[in-house]
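I opened a fresh page for this structure and wrote down each thing as I looked it up. The entries are meant for someone who is seeing it for the first time.

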Amino acid sequence: MEKILMNKVVTRFAPSPTGTLHIGGVRTALFNYVYAKQNNGLFLIRIEDTDKERSKKEFEKNILDSLSSIGLSPDEKPINQSERNNIYVKAAQKIYESGNAYWCDCSKETLDKMRKDQEAAGKKPMYDGRSRNLGLKQSENTVLRLATPEDGEIIVKDIIRGEVVFQNSELDDLILLRSDGSPTYHLCNVVDDYEQKVTTVIRGEDHLSNTPRQIHIQNALGYPSLEYAHLPLVLGPDKKRLSKRHAATSLEEYQSDGYLDSAILNTLARLGWSKGDQEVFYIKDLIKNFNINDVQKAGAVFDVSKLDWLNTQHLANLTLDELKNKLRPYLENFNINLEDHFDEDLLISSMRSSSNTLSGIASDLKPYYLDEIEYDDKAISKFVDDVGINILSDLKEILSNIFDWNEKNLDIALKNYQSEHELPIPKVNQPIRIALTGSTRSPSLGLTLVLFGKDKSLDRISKLLIKN
RNA sequence: GUCCCGUUCGUCUAGAGGCCUAGGACACCGGGUUUUCAUCCCGGCAACAGGGGUUCGACUCCCCUACGGGAUGCCA
């Protein structure tokens, strides 16, 4: 224990590249990152690609790119377990030589049958150690198993959960080396945590029951013990771990949907953790205020509406320039160049609260840039009737005679027309709004007209007039 | 089945025996501001899983039950 206190804190995020970076993984990485940073420690990444079947380079790339895109870059170059085979094999040998492992030649069929029998007998299915004292030598179809102590218990000291006790009798002799000689997850994981000088393991709760097994491997290898924090899982609305069935799970989907990285991180951090009544946190706030001891024990349901709200908060905190820069890629999706508007600053500042995502704002910006207008049928049928058409042609005339095209003049003209004809304001304004933007949603009308400019405004009114 | 973890408003959470007629936020529902939408402001709805203990007193401590999750792989 003293040893841990003396060492520099080192945390790691150890994903296996079998899919794109999952939002739950981002949260795990975030907590690891923040914990390391607030202790002046190191945050590392390790790619656990020992499953040759399912590991894909493209996923590894996605995970690494996603992490750095959201600001959770590691302090050292990530390592790949697939490239460190000899280290694990050496460790396995050491365990074997110390008498804490043995070769086992049980076939898959034998094992299946054993498990089935145990289940039928109402017992926990686990390897019964039948090869343990056979003194088998390594051969083509042998695996190396850890000789787990049969009695006693292992106490996992978990920062979040306290002491969790496991009886050794509940644990079976796990496989260290497969029959093809390749190392398994538990071995690699333990060896690498040691090799990378990891001090603190922060990972999902699904690993809690793996921990005593890994501690046995550590003990067999003579490694020092680690600090653990098992995070509650991120759940879907049905309380099962969040999966594609529930919602988007990969980070890149949220990013392309127009959520700010800082808002995503904020949402994830608040899932299972809180600090007073504060809701909005940036990474620097987390480094200052986060306390891993305060993390909740129960799983937390991921709620997109909270993300939406937090995103509006983070969006509102952006400076105009920041917002413009963040908007650009989303605008490009519509082939829009932000600078093509004659007063993009006024435009963006008028439209910045139109939607709670970047992609939503970009989409709302389309009428201001593109010639094609998408008319909202409902709005058309509600406001563009005979009366609406008359109003439009009247206003077209009136507006064309306004030469100093500014918000104040336009508002006055609109107001005069409306009071002269004793019309309710929306009756007058909505048809114009629809003519300009295709819908009834826009900033105040005088401003909207300014944003479109005189020519375009009149054009669009004509266009709607012709259409009807 | 067995082992492990968990259980406060629909959701995220505050609550470390009296501060709780249980607080905040999101969502939702009303109302207001706004020429529309959004923003913003105000208000409302809504929870301690159940049962036993311990205690003068339990959301808080202990036990049981129920429910949920995780683990039980030559996956990680």
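The entries below take up the RNA strand, then a pocket, then one helix.

**Entry on the RNA strand**

I noted before anything else that this is a predicted model, and I kept that in mind while reading the contacts. I looked up what lies around RNA strand B and found that 60 residues surround it, with Arg178, Lys240, Ser353, Asn429 and Thr440 listed as the closest. Of the atoms of RNA strand B that come within 4 Å of the protein, sugar and phosphate account for 74%.

I then sorted the residues of this surface by class, and they divide into 23 charged, 19 polar and 18 nonpolar. Which helices and strands each supply at least two residues of the surface near RNA strand B? I listed the strands β7 (162-167) and β12 (300-301) together with the helices α6 (185-195), α11 (304-316), α18 (425-437) and α19 (445-452). The largest share comes from α18, which gives four residues.

**Entry on single contacts**

I picked out three polar contacts to RNA strand B and wrote down which part of each partner takes part. In Ser16, an N or O atom of the side chain is 3.0 Å from a sugar or linking oxygen of the strand. In Glu170, a polar side-chain atom lies 3.4 Å from a sugar or linking oxygen. Gly272 uses a backbone N or O atom, and that atom lies 2.4 Å from a phosphate oxygen of RNA strand B.

**Entry on the largest pocket**

I turned to the largest pocket, whose volume is about 1300 Å³. Its lining is made up of 40 residues, and those nearest its centre are Pro15, Ser16, His22, Asp206 and Arg241; Ser16 is also the residue whose side chain I had noted 3.0 Å from a sugar or linking oxygen of the RNA. By class, I counted 17 polar, 12 nonpolar and 11 charged residues in this lining.

At least two lining residues come from each of β1 (10-13), α2 (23-38), α6 and β9 (200-204), and α2 gives the most, with five. I marked α6 twice in my notes, since α6 also supplies at least two residues of the surface near RNA strand B.

**Entry on helix α14**

Is helix α14 largely enclosed or largely open? I found that 10 of its 12 residues are buried, so the helix is largely enclosed by the rest of the structure. The buried residues include Leu358, Ile361, Leu365 and Tyr369, and also the charged side chains of Asp364 and Lys366.

I also checked the length of α14 (residues 358-369): at 1.5 Å a residue its 12 residues should span 16 Å, and the end C-alpha atoms are 16 Å apart, which agrees.

Note on methods: Residues numbered from 1 in each chain as written. Chains lettered and ligands numbered in written order. Predicted model: local features only at pLDDT ≥ 70, side-chain atom pairs only at ≥ 80, totals over all residues. Heavy atoms only, no water. Near = heavy atom within 4 Å. Polar contact = N/O pair within 3.5 Å; in protein donor to acceptor, adjacent residues only side chain to side chain. 1 Å grid on protein atoms, 1.4 Å probe; cavity = no way out; pocket = protein on both sides within 12 Å on 5 of 7 lines; lining within 4 Å. Points joined across faces, edges and corners; volume = space filled by probe spheres on them. Expected span 1.5 Å × (residues − 1). Buried < 20%, exposed > 50% of the residue type's maximum accessible area, 1.4 Å probe, protein only.
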